[in-house]
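Me: I have a structure to go through with you. Can I put some short questions to you once it is up?

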Amino acid sequence: MSNCLLSIGGAGHRTLKPLVFLAAAGALGDADLALLCVDNDSTNGNLADSLEILHLYNRVRGPQRWLGDSALFRPKLQLLDDRPWSPLTAQDTAPTLDSFLRHDSMRAADADLASLYEFLYEPAKRNLPVTEGFRGRPSIGAAVYRAAAQGGDLIGAGADSLQRVREELETGTAQGRHVRLFSVGSVFGGTGAAGLPTIPSSLIAGMRQGADHVLSGGAFLLPYFEFNTGGLEQQGPHANPDDFIMMMKDALPYYALNPSRYQCVYAIGADKWRHVPKAAVGKAEQKNPADLVEFLGALAASNFLVTWNPPAASSNGHGPELFVLHREKEAVFTWTDVPEHDRIKPKLAAFTRFCFLFLNDYEPELRKAANGHLKATWYGTQIQPAGVNPKSAEFQNQVRDLANFCGAFLRWWADLHEGAGLNVDLVHTSALRQWPFTDAAFPVLITGERYAQNAAQVIKKVAGMPFERDPNLSGLGHFVRALASAST
Amino acid sequence: MYPMLPVAETTQDELASGKPGEWDKRHWGDLRHIASRTRSTADARDRIEVDLIPDVWARLILFSNALFNDHHPLHKPALAAYRGFLALLALRIRKHVLLKATSLHLGAKDNWPFSAAARQHRHGHGVHQLYADTNWNEIYLLRGDGGSLLGVTSPLTLVCPAQGPTLKGLTQLPNSWFSGAEFQDPSAKGVLGDEDRSLLAAWISELKTNLAKYGQDPAVVKWHRGHSELVGLLSKFEEDLGGSKRAEAVGSHEGSLRLGTSPYRFLAVAVKAEEARLDNSDLILDTTVPLKAPILLPIRVSDTDTIIEPPSDPSKLCVVTGTSLLDINIAVWGDNRRSLAGRPLPGDAEWLDPKTLFLDRLFFLKGSQQRAGLLHARGQRDVADHFSEYPILPFVPKLNDLLTPTDIVRNVRFSVEEHPTGTVVVVKLRLPLKNGRAVEVTHTYTSDQQTSIQQMPVLEVWPPFRRNGWKRYNTFWWSNSDMTFTADPFPGAPVATETESLPGAQQIRVTQMNQTPDGFLLQYPQGPSGRATMQNAGFILLKYVEITSPPTGVWVAGVDFGTSSTNVISHAERDRETPLSLAQSGPLRVVVGRDADRAEALYKYFLPFTPENTELAETSPFLSFLRMRHPENNEFREISAAHIFFYSRSHNVQELSSGRLATNLKWEGQSKVRSEPYLRQICVQTAAEAAMGGAEGLNWFYSLPTAFSPYMRGEYRKVWRLISRFISESTGLRSTEEPQQMTESFANARYFTHREEAPPVVGAVFMDVGGGTTDMSIWQDNAERCGISIRFAGRDIFLGPLFHLRGRLIKDFTTAMPDRIPSATEARLLSDQTEDDFFAHAEAMLRDVGTALPQQLHRQDKLEAAALPVRIGLAGLFYYLGIVLRHLEQAGLYKRSLGGVFVGGNGAQLLHWADGGEYDPHGPFAKVLTECLFAATRWGDSAPKNVQIKLSGRPKQEVAVGLVVQSTLVDAEEHWDDVISGEPFTVDGVAKPETDLIGREDLLKAEVSDLPELRAFFAAYAKAADSIGYPRLNLTTDPLFTRALERVRQSMANQRTQSAEEIELAPPFITGLQALCVGIAREADRSRPAKLGR
């Protein structure tokens, strides 16, 4: 059984990245997760970045998981389609709302209906090219998504993938079990704001069975970044940060009155906004740095998928549960402020240390192993007994993928801490700025604590661990388990 | 704590509390709390965008949010639009906005993608829906004129207005209310008038009451707070409008809006349309001009060139009841003058944009026009002085339909201003309105909008005065250039317009009007090609001569219509008879061009002007010549189609041979096509002078020769009746009597008796020698014994012989008076081929030279040749007079006594020619005449001695004066049909002596076998002439008498071809005398020493 997750729009896609890291760190639970991205813009830079890490996760994890019962890289993150789902069909070369809704034909056949449509959508919106998203105008997207779900059938490019989400839900609920569907996106943009209230509800509403057993949760990302719009004027209509708050103040009451099919929603924003220096309307250029709010969105998903339980039936009728988050200090966000930090922090801290050591001390050695015999103790105790061929491409690919993943994770940490409006203080990222790392930084890597062992001690500990063969482990599996255990 | 949420307005709120590191569970409704607590960074906006609301109905939702939330950035425009749209619904019928509602169902069977996206399922849209029975899937589209969607019903706010530039169909609304893209708050000052505000407030009150009652059923109210807020919002609107002061309900179910049974139906009610009336209109033109219908003058409130004085609140200025000036959207005034901005005007009322009264260009006349007969607006003279050119009133003709000339000059103001771009002329027009206001329009003419007209035509109006009852006007326009303006008189259409094209590109247009022209509409060539394309150049107003004379009662006028010239004597009753002098009533000079052009054009082609020295004015008698613009025509309306030829040696000598002159008018045959217009002009000019002299009425007297046939007399009686009526009707100078007819001889007698102390008791002969006839009346014992008119007068005595002697004599005339008889006149006289042409030219010449010519000829010893036929002719007349006296004596009507013979008339001047240049009653020629007279009477020694033959003291005027003089003489019997034969004759074989009467019936049958009396006369004359030493006549007389007899017989034969009614009395003696005079002249010419070339 899989739970499902939809990332809708740019902010949703960026949330995927920390979500993958959480999964890698073992903070996303054990259940597999079927993922699908929703976006008109398949070239969106944020999307590509997230999908890359998702693919890397899956490579590290492998199709047949080689980490056994390790918490790391535990759930299967199944991307249902490499391409994001979009209601636009491939034939739509320059799609607009008018073309999607067949305005010309509608006007000829039903003038009154067309008049209402024209009343609700002024020409500038109707003629806005939507190939690259809905450009901060979710009412356009709402019409598109609702129309796409006409009659319960899902139409558009990649319709099969959205249908597969529905099938996942139907399959999951077939035996009377609850399946969780989590959606994440911003409510202050175009695609996310349009899709959050429409797509999950359309999916559930269109289920042939089991709709009542779908637990629907969502992360509504509230305004948290701003950018200069000067360079965007040439690119047509776009989201305008000056209007974010104004628009949000209209949107939230709407959600309050239209809960859609959600039972649990996490509202996450920021009072201090990140400044994104390079803004783009869409495509590859739209690639934002990691942000705390997206991280919190991933944590919300983790909470929903791992921790949250639906309220008792007697509580129904009061709308979805709404969760917000607080931090202790005005200027800084620390581990104290991380939700479920008792569950989350150890896993992330351990995984951080794991990545640090793997990159700094093991990966270079493992690379060398391809060229000859490696005489390191840990190699002798955790690698050689597993019977791997260090020269094999498979092994070297495992090493490389893991190293890449660890590197990405640590860079993400660094990004998260830099340039945010709010001072994030979770990891001493200064230790990560110079390569190779200084092992001396290892014990104080996680802010607010001093790890009991230094790097050498951990390495020694790994080396000293007895090799315990586990048929579920293969390749690097035994070593990774040992390092993870030693880093915890 | 610090929530991970956007910045809040305050740090102390419920959401600020929580535990860090935990997901803080909240109520779902706290999303609203998050929204409300968040500090807004956006300023208030005036544009409603559809943005973050992820719903097809976002537009309605956002509008609802903005409307009900005072702090929403879009609250102000949303509220304004909502109020503006409610006002539209309320006042739509009153403001003539046609609204239609279409119900639109978003049915499940509808497969359009948009329909599917918009359709709401089961429980409907959960957003703040006010009432349960407003269905999201049934929306009413509210359309305006042309089908434009103006708004839709909304379950959230009842109604949601459209917005943006595509919003059309509301052009009837003023900009203050509807900007073309957005509705404005009608409670703001200046948007609606007081009446509309009050009505709207009452309508809102009614809507509020209806909703409040509806909301008393909790089952139908879905969003209670919204319902309360809506009612509160309406209350505030009502309050902002000043509250509802109307006790009665103002709503009605008029119109065609059908909005179902939900609370939408409350919106279908509209304020009743008010009947459009003009009672209180503030824009009605206030004018003394009688208009067919009221004229409204709307203005553009935003146009600074058009203002209403004193300044007034446009919303308080009533166009028609229920419509203020603010309601009239300038964009849609339209072209229909009976409907303003879609509002039909009551009755026949029309509207007019006062700015359209101005021309785009300002035209100037050359020169300052100081001496022009123009009425000036304020400042117009100053501008003329500034530029040395006179600005024309730069308005379209329509202005004259609205204001009197007096009002125009009072309400137009010119000024000159110096602008950075040059000197401009500013023209302001003030149009008075009822209720004491006025519209003032300003038009500024920059230098490139000014045109200077350099070629000036002659433009005149006759008569030059404005007088109550005077309806006969003629305008005269002459130019010899294509690049000048044309001028059309106004008001009214011309009765007739005559044009002439003459050599030298001369153009003439004479227009007859039946009302006083107020001015002229000018047109000027649009390009250098001349009059092919003309443009309006404005108009000029006339300043007429003021009649300052006090009322002088009914005048009398006597008209002696002569063959050569016509005399008119007119006077007020208490005044002495004076010949008509055109000393005051000459044409009004409208514009000033070249003086020489004016003088020549007027004399040649119109009426003589009034000279500065009134003694030089044209004075009666006037030549009996008519100049015809188109001689080939058969109708000659006086002045316009034909006009009296006022001869001027300086200006119109050439016209004598233009072929356009008609002479011999008096003796025109059956038709009076020329004589009547001649007389009509004489009379209307007489009336004009009389009017200037204060006349209040005018009675007419006219004379006719007894030589006229009864038919001719009857025709002239008709003509004079028509003329009298014409004068009464067209000048206001009514006649108190029928035109009175007299014989010329009787009128002559009246003159001599009362003005020359002639003795009608002893015995007196009054002889009027005219151009064509000589009238004699013989009086004794204060009674007329005989009156005879014969066709033998000046032309026969002098001009006829002169025609035959012209080659010999005219040169002498020219030599004698070269300054008065130009060589052109000489050449013309010499070249005339017919007697009629010669007579016309000679009479014009003689009128000019007067008695000076015979005197000068006498001094130069060149008179004799011309004098001879004159002496014989005049002596023959006296001989005939002697025969008449003999007849009277034989008939017992006269005793042998004679106080004198009193000679008058134009032909009497011939006495001077006969008597050495200046007639002496005691001189030799008087003796010749006496001897011829008594030779015929055969009184022998019993003839009275010292009979005086006296020339009139007022030559030519006798008959005319006699017509009007106060006289005790009684014309007991008219002697129209009696002449004395003068020669023996036979009728039906019966011999009649020369003293017998010969009537018209006789003339049809009479035979004459010889002319013994003519021979006797010639013998008597020769003897008398010989006795006083006149040069002896060296003539062979027999052939002369033979030809004379032939002439008499021929004449009588001709007469026999006519009916008795048509026969003009021509005594055989006189016919013979006429032939004798011509014969002698021919003989004299034949015997001259040398031929003078012609």
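Reply: One term before you start: a residue is buried when its relative accessible area is under 20%. Also, this is a predicted model.

Me: ok, what share of chain B is buried?
Reply: Of the 1094 residues in chain B, 61% are buried.

Me: and how much accessible surface does chain B have?
Reply: About 41,300 Å², and carbon and sulfur atoms account for 47% of that.

Me: how many helices and strands in chain B?
Reply: Chain B has 25 helices and 47 strands. Among its contacts with a separation of 6 or more, 71% are between residues 24 or more positions apart.

Me: switching to pockets. how much space is in the second largest one?
Reply: About 1,000 Å³. The pocket is lined by 38 residues, and those closest to its centre are B:Arg791, B:Asp796, B:Arg1047, B:Glu1064 and B:Gln1074.

Me: which helix gives the largest share of that lining?
Reply: α25(B), with 7 residues. Helices of chain B that each supply at least two lining residues include α12 (710–731), α14 (794–816), α16 (835–849) and α24 (1037–1056).

Me: how does the lining of the second largest pocket divide into nonpolar, polar and charged?
Reply: It has 12 nonpolar, 15 polar and 11 charged residues.

Me: last topic, cysteines. how many disulfides over all chains?
Reply: The structure holds 0.

Me: and why does A:Cys37 count as buried?
Reply: Because its relative accessibility is 2%, and the cut-off is under 20%. B:Cys683 counts as buried too, since its relative accessibility is 0%.

Technical notes. Residues numbered from 1 in each chain as written. Chains lettered and ligands numbered in written order. Predicted model: local features only at pLDDT ≥ 70, side-chain atom pairs only at ≥ 80, totals over all residues. Heavy atoms only, no water. 1 Å grid on protein atoms, 1.4 Å probe; cavity = no way out; pocket = protein on both sides within 12 Å on 5 of 7 lines; lining within 4 Å. Points joined across faces, edges and corners; volume = space filled by probe spheres on them. Helix = DSSP H or I, 4+ residues; strand = E, 2+ residues; numbered from the N terminus. Nonpolar A, V, L, I, M, F, W, Y, C, P; charged D, E, K, R; others polar. Buried < 20%, exposed > 50% of the residue type's maximum accessible area, 1.4 Å probe, protein only. Contact = heavy atoms within 4.5 Å. Areas by Shrake-Rupley, 256 points an atom, 1.4 Å probe, with all protein chains shown as cover. Disulfide = S-S within 2.5 Å.
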